[in-house]
Amino acid sequence: MRLTWRRVGRAEDRFEKWLAKQHQEAVLDSGVTAPGHCPDEAFLRDLAHKSSRVSLTDPRVHHAASCNKCLTLLKALREEIHSSREKLVLTLAAATCLVAVVALTVVNRSRVRQRSSEVSVTTVFETVNLWDASTLRGQQPGPLQSVSLPAGLVRVKIVLPRFSESGRYEVAVTRDQAGNAVQAHGIATAATDSEGREELSVDLDLRNAEKGPYFLSTTHEQDQASYYYPLEIK
Ligand SMILES: [Zn+2]
């Protein structure tokens with residue numbers, strides 16, 4: 001119902017505009033200046049702004065509507081208002097675009113920052129295979145057993161040497177073979193994998209470790225003997 005009214009309203013509005021335009025063109029074409037004094041520009045400006053200060057019963061309105069000179073000025077003022085409104089709209093649009101660009105930049109930057117902080121705490125997965133490493137106490141491990149780990153948060157899967165027992169192990173990264181200057185350590189339980197090897201998974205925080213040579217040690221909970229393997233932190 002309301003929609004119908006609005007449609008009728010719009011049609012009437014269009015018709016009135018057309019009628020006003022016809023009238024305006026007729027007056028402008030006629031070149032006739034209406035009798036009496038032309039109102040001052042301030043009044044015409046108010047009229048152009050459709051100001052509520054102007055009463056439609058004001059005789060100056062009647063004059064302006066039928067005066068070639070006044071209508072010409074009124075038309076120019078209307079166009080001026082229209083173009084300044086357009087400029088305002090453009091300025092507002094430009095400002096909105098700028099705000100959007102700034103907002104996007106800020107969002108992107110914070111995303112990048114968030115991503116880089118996520119990266120810095122991302123756990124690196126590494127596998128250390130000691131299956132063929134010697135398990136004899138005191139025996140120097142060969143160069144082939146040397147392993148390397150990155151200086152970060154590392155989840156290391158360790159395949160323990162042949163003949164290792166299952167159970168709880170303490171795993172540590174130390175500076176020397178005497179267990180000094182522990183860089184990181186963790187405790188994990190070794191379990192037999194599908195290939196019959198004992199393996200465990202341990203988290204080592206090597207973020208503060210300097211790059212260089214270290215030792216990876218494994219100590220069985222019950223055995224209490226530590227085995228050291230050369231380790232390089234990259
Ligand atoms: Zn006039």
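## The main core

In this predicted model, the largest nonpolar core is made of 26 residues, and Ile 158 and Val 173 are the ones that touch the most other members. Six strands each put at least two residues into this core: S3, S4, S5, strand S6 (198–205), strand S7 (212–220) and strand S8 (226–233). As a general rule, nonpolar side chains in soluble globular proteins tend to be buried together.

Take a look at Val 173. Which residues does Val 173 contact, once its neighbours within four places in sequence are set aside? The list runs Gln 183, Ala 184, Leu 204, Leu 206, Ala 209, Tyr 214, Leu 216 and Leu 231.

## A second core and helix H2

There's also a second, separate core, and this one has eight residues, among them Leu 44, Ala 48, Cys 67 and Leu 71. Two of those names come up again in helix H2, which spans residues 41–48 and has Leu 44, Leu 47 and Ala 48 as its buried residues. These three cover an arc of only 100° around the axis, so they sit on the same side of H2. That fits a general point about α-helices: with 3.6 residues a turn, residues three or four places apart point the same way.

Just past the helix there's a small backbone oddity. H2 is followed by Lys 50, and the phi of Lys 50 is positive, near 55°.

## The overall layout

Stepping back, the protein has four helices and eight strands. Reading from the N terminus, the order of elements is α-α-α-α-β-β-β-β-β-β-β-β. Of its 234 residues, 19% count as buried.

How much of the contact network links residues 24 or more positions apart? Among contacts with a separation of 6 or more, such pairs account for 66%.

## The sheet

The eight strands make an open sheet with mixed pairing, in the order S1-S3-S6-S5-S4-S7-S8-S2. S1 and S2 are at the edges with a single partner strand each, so each has one side without a neighbour in the sheet. From one strand to the next, the twist averages 30°.

Now for some of the pairings. S1 and S3 run parallel, with six bridges between them. Val 128 has Ile 158 of S3 as its bridge partner, and Ile 158 is one of the two residues that touch the most other members of the largest core.

## Around strand S4

S4 pairs in the antiparallel sense with S5, through seven bridges, and also with S7, through six. Glu 170 shows both sides of this: Ile 187 stands opposite it in S5, while its bridge partner in S7 is Thr 219. A little further along, Ala 172 has His 185 as its bridge partner in S5.

S5 and S6 are antiparallel too, but they're joined by two bridges. Here Thr 192 stands opposite Glu 198 of S6. The S5 and S6 hairpin has five residues between its strands, and Gly 196 in that hairpin has a positive phi near 80°.

## Loops to look at

Most residues other than glycine have a negative phi. With that in mind, a couple of loop residues stand out. Phe 163 isn't a glycine, yet its phi is positive at about 70°. You'll find Phe 163 in the loop between strand S3 (153–159) and strand S4 (167–174). Buried or exposed, which is Phe 163? Phe 163 is exposed, because it has just 7 other C-beta atoms within 10 Å, and 12 or fewer counts as exposed.

Ala 181 is another non-glycine residue with a positive phi, near 50°. Its place is the loop between S4 and strand S5 (184–192). Ala 181 has 12 other C-beta atoms within 10 Å, so it's exposed as well.

Leu 130 is a loop residue too, found between strand S1 (124–129) and strand S2 (147–149). With 23 other C-beta atoms within 10 Å, Leu 130 is buried, because the cut-off for that is 20 or more. Where does Leu 130 sit with respect to Pro 161? The two are 31 residues apart in sequence, while their C-alpha atoms are 4.9 Å apart in space.

How values were computed. Residues are numbered from 1 along each chain as its sequence is written. A nonpolar core is a set of buried Ala, Val, Leu, Ile, Met, Phe, Trp, Tyr and Cys residues joined through C-beta atoms within 7 Å. Two residues are in contact if their C-beta atoms, placed from the backbone, lie within 7 Å. Two strands pair if DSSP finds at least two bridges between them. Axes are lines fitted to C-alpha atoms, for helices over the stretch in contact, and angles run from 0 to 180 degrees between N-to-C directions. The arc is that of the directions from the helix axis to the C-beta atoms.
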